[in-house]
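Hi,

Here is the model I promised to pass on. Have a look at it first, and my notes follow below.

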Amino acid sequence: MKTTSLESVWAPRLLSVLRIVAALIFMAHGTQKILGFPAGASPEMFSLSWIAGVLELFGGALLVLGLFVRPVAFVLSGMMAVAYWVAHAPKSFFPVLNGGDAAILYCFVFLYFVAAGGGAWSLDNLLGRSR
């Protein structure tokens with residue numbers, strides 16, 4: 001397989017796979033907070049945790065579909081940066097000790113989607129909004 005084939009054909013497809021998988025896992029945090037599924041207690045409405053759950057659930061769903069990828073990813077990237085500094089960083093300097101490694105990873109993956117878009121398999125691409 002030639003490198004040009006990887007770059008032109010498979011890179012946009014794998015970008016879509018990364019977006020879909022990351023969004024599905026991210027949505028699971030929202031379903032846990034908002035719907036109590038698979039297990040969890042729903043936070044008080046309009047608390048920071050509830051707002052985060054709504055953004056995780058609905059923002060994740062939009063990312064799975066590949067709809068409004070860039071603006072949604074921008075908001076979610078910022079949310080994860082705030083989540084890290086507010087909820088995790090005060091516990092310890094080291095992400096592996098403060099439990100914030102997933103928040104950091106989501107922050108930068110979503111930031112990548114802001115620049116790269118949703119990939120070949122996205123509604124944005126289908127509707128001609130990928131550029």
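To start with a small puzzle: where is Ser122 found? Ser122 sits in the loop between helix 5 and helix 6 (123-126). Helices here are DSSP runs of H or I with at least four residues, strands are E runs of at least two, and both are numbered from the N terminus.

Before the rest, the ground rules. This is a predicted model, where local features need pLDDT of at least 70 and side-chain atom pairs count only at pLDDT 80 or more, while totals for chains, interfaces and linings use all residues. Residues are numbered from 1 along each chain as its sequence is written, and side-chain values use heavy atoms, with hydrogens and water left out.

Back to that loop. Ser122 counts as buried because its relative accessibility is 6% (buried means under 20% relative accessible area, exposed over 50%, partly exposed in between, with a 1.4 Å probe and protein chains only). Its side chain has two polar contacts to look at: the backbone oxygen of Gly119 at 3.1 Å and the backbone nitrogen of Asn125 at 3.0 Å. A polar contact is a pair of N or O atoms within 3.5 Å; within protein, one must be able to donate a hydrogen and the other to accept it, and residues adjacent in sequence count only if both atoms are side-chain atoms. If you set aside neighbours within four places in sequence, Ser122 is in contact (heavy atoms within 4.5 Å) with Ser16, Arg19, Leu65 and Gly66.

Two of those names lead to helix 2, which covers residues 48-65. Gly66 comes just after helix 2 and takes a positive phi of about 75°. The 18 residues of helix 2 should span 26 Å at 1.5 Å a residue, and its end C-alpha atoms are 25 Å apart, so the two agree; the expected span is 1.5 Å times one less than the number of residues. The buried residues of helix 2 include Trp50, Glu56, Leu57 and Leu63, along with Gly53, Gly59 and Gly60. This buried set packs against helix 1 (3-35), helix 3 (69-88) and helix 5 (101-116).

As for the whole protein, there are six helices and zero strands, and the C-alpha trace spans about 50 × 30 × 25 Å along its principal axes. Of the 131 residues, 34% are buried. Among contacts between residues at least 6 apart in sequence, 64% join residues at least 24 apart.

Cheers
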